[in-house]
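Me: Please take a close look at one part of this model, the contact between its chains. I would like the pairings described residue by residue.

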2 protein chains.
Amino acid sequence: MPVPKTAVAKRDAEVTRKNILEAATIEFSEKGFAGARVDLIASRSGANKNMLYHYFGNKEALFTAVLENAYGGLRARQRAVKLGGLSPEDALHELGSATFDAFVEMPHLIRLLNSENLLNGVHAKQSDLINEMYDPLFAALSTVLEDGVKAGCFRPGIDPTNLYISMASLVYHYVSNHATLEIIVKRDLMSDENLRARKAHVLEMILRFCTSKSSLAS
Amino acid sequence: MPVPKTAVAKRDAEVTRKNILEAATIEFSEKGFAGARVDLIASRSGANKNMLYHYFGNKEALFTAVLENAYGGLRARQRAVKLGGLSPEDALHELGSATFDAFVEMPHLIRLLNSENLLNGVHAKQSDLINEMYDPLFAALSTVLEDGVKAGCFRPGIDPTNLYISMASLVYHYVSNHATLEIIVKRDLMSDENLRARKAHVLEMILRFCTSKSSLAS
DNA sequence: TGCATTTCTAACCAGTTAGTTGGATTGGTT
DNA sequence: AACCAATCCAACTAACTGGTTAGAAATGCA
């Protein structure tokens with residue numbers, strides 16, 4: 001008879017695994033893959049280095065686990081966005097708003113993704129989870145665009161792929177590169193006030209792009 | 001009497017320095033700061049490790065030199081853009097187009113900047129060159145926006161800082177994260193065709209943002 | 001030519017790194 | 001109570017890392 005685990009907090013494989021994963025997330029996102037130190041992850045997790053290798057195999061596999069876990073957090077947030085019943089404009093606004101908030105609140109994911117891109121995406125390519133993660137989102141965005149064209153509020157011919165990349169770019173780059181951007185723009189980009197202004201700017205850019213009907217000169 | 005150097009290709013301090021800097025640019029941009037190996041830089045430059053330390057001091061100072069050098073390349077490109085005589089719309093288009101092309105053609109700079117941001121911009125902060133590099137560009141962009149408002153083709157109230165960050169974001173993120181983006185969008189983002197489409201998309205987004213006059217719902 | 005300086009080289013070093021080993025402790029099962 | 005697998009730990013290792021040293025060869029100048 002399977003007795004429910006009473007988790008006396010000592011000698012709990014699941015907790016140990018989770019602790020290692022959390023410590024690894026911090027270390028990898030702060031230092032990147034090459035800069036991260038396995039010894040530090042082990043000691044900060046409260047566990048031993050052998051536990052780390054026992055549960056995850058090696059440094060690369062641990063990084064993949066961290067990446068999938070963090071990416072999963074993003075997916076969970078995006079799934080929570082409900083577009084049903086909204087007008088195409090409101091739906092687009094909602095999607096943009098959720099994307100903005102998600103990246104601002106997950107700077108560690110941004111740093112992990114940067115690390116992964118430095119490695120040309122070798123780990124992400126092997127992950128089925130990541131491969132299929134965005135399919136529902138693109139489907140939803142395509143529907144919103146189509147509905148908007150039918151309703152007459154969006155212009156036709158907008159590529160959902162480029163639109164999504166733009167939505168992500170406008171917040172991702174701002175957060176990811178704020179350290180060097182702050183030097184050249186002389187402004188504290190991550191202050192509440194400037195973040196609010198940035199969000200308004202981004203949403204306006206996305207919505208004006210889809211709604212403006214006039215043809216462009218040049 | 002200073003005899004003009006005849007550069008017999010052997011025992012030339014300047015050439016050696018340049019070779020080390022180039023090898024370092026490749027190594028740092030491919031592997032990041034922590035992942036880059038000083039031994040590899042030395043051997044690939046054809047010089048000796050002691051030369052590297054003689055000319056640059058240590059790994060960090062070498063990285064700073066690489067970063068400044070690469071950043072300088074971007075500045076040179078931007079300076080070459082002539083906006084005089086163009087209409088505000090054409091000037092904005094030209095600025096956007098030059099920014100797009102510059103980042104697409106300098107992927108190593110993007111990778112170096114990502115590395116630097118992982119380190120929270122410690123090296124860039126200390127560089128006077130980088131600190132002042134963008135001042136002329138922001139001045140030019142502000143003028144273009146003001147002229148456009150006066151001429152009636154741009155709406156008022158656009159923040160030049162956020163607009164420049166957006167211009168950069170829309171291409172930077174696309175290039176920087178193409179490895180992981182390609183996985184989720186299932187498309188070869190760096191093909192000539194898709195790059196052309198991306199550029200058109202970005203320029204349209206920037207121009208529509210500045211020119212569209214209608215107020216936005218919500 | 002003689003001599004100091006610059007450019008260069010190879011071998012070396014101390015500290016660090018990812019990953020391993022062998023064994024101790026614990027908790028559930030019978 | 002006795003066993004066994006799962007969980008945990010400290011100490012170890014072989015390879016690698018950024019950085020140094022001592023001295024050789026080329027160069028410029030008197």
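Reply: What follows covers the interface and the charged pairs in and around it.

This is a predicted model, in which local features need pLDDT of at least 70 and side-chain atom pairs count only at pLDDT 80 or more, while totals for chains, interfaces and linings use all residues. Residues are numbered from 1 along each chain as its sequence is written, chains are lettered from A and ligands numbered from 1 in the order in which they are written, and side-chain values use heavy atoms, with hydrogens and water left out.

Chain A and chain B each put 66 residues into the contact (heavy atoms within 4.5 Å). About 5600 Å² is buried between the two chains, with carbon and sulfur atoms giving 60% of that area; buried area is the accessible area (1.4 Å probe) that two parts lose on being put together, summed over both.

Six salt bridges are counted between chain B and chain A, a salt bridge being a side-chain nitrogen of Lys or Arg within 4 Å of a carboxyl oxygen of Asp or Glu. One of them pairs A:Asp135 with B:Lys186, at 2.8 Å from N to O. On the chain B side, helix α10 (residues 160-176) gives the most to the surface touching chain A, with 12 residues. Helices here are DSSP runs (H or I, at least four residues), numbered from the N terminus.

A:Glu204 has salt-bridge partners in both chains. Across the interface, A:Glu204 pairs with B:Arg155, with the closest N and O atoms 3.3 Å apart. A:Glu204 lies in helix α12 of chain A and B:Arg155 in the loop between α9 (135-151) and α10 of chain B, so this pair joins two chains. B:Arg155 is buried at 12% relative accessible area, whereas A:Glu204 is partly exposed at 23%; buried means under 20%, exposed over 50%, and partly exposed in between (1.4 Å probe, protein chains only).

Within chain A, A:Glu204 also meets A:Arg208 in a salt bridge, at 3.0 Å from N to O. Both residues lie in helix α12 (residues 192-211), four residues apart, about one turn of the helix. A:Arg208 counts as buried, with 5% relative accessibility. Side chains of opposite charge can pair when their charged atoms come close.

For a pair within chain B, B:Arg44 forms a salt bridge with B:Glu27, the closest N and O atoms being 3.3 Å apart. B:Arg44 is in helix α2 (residues 38-45) and B:Glu27 in helix α1 (residues 13-35), so the pair ties together parts 17 residues apart in sequence. B:Arg44 is exposed at 52%, while B:Glu27 is buried at 1%.
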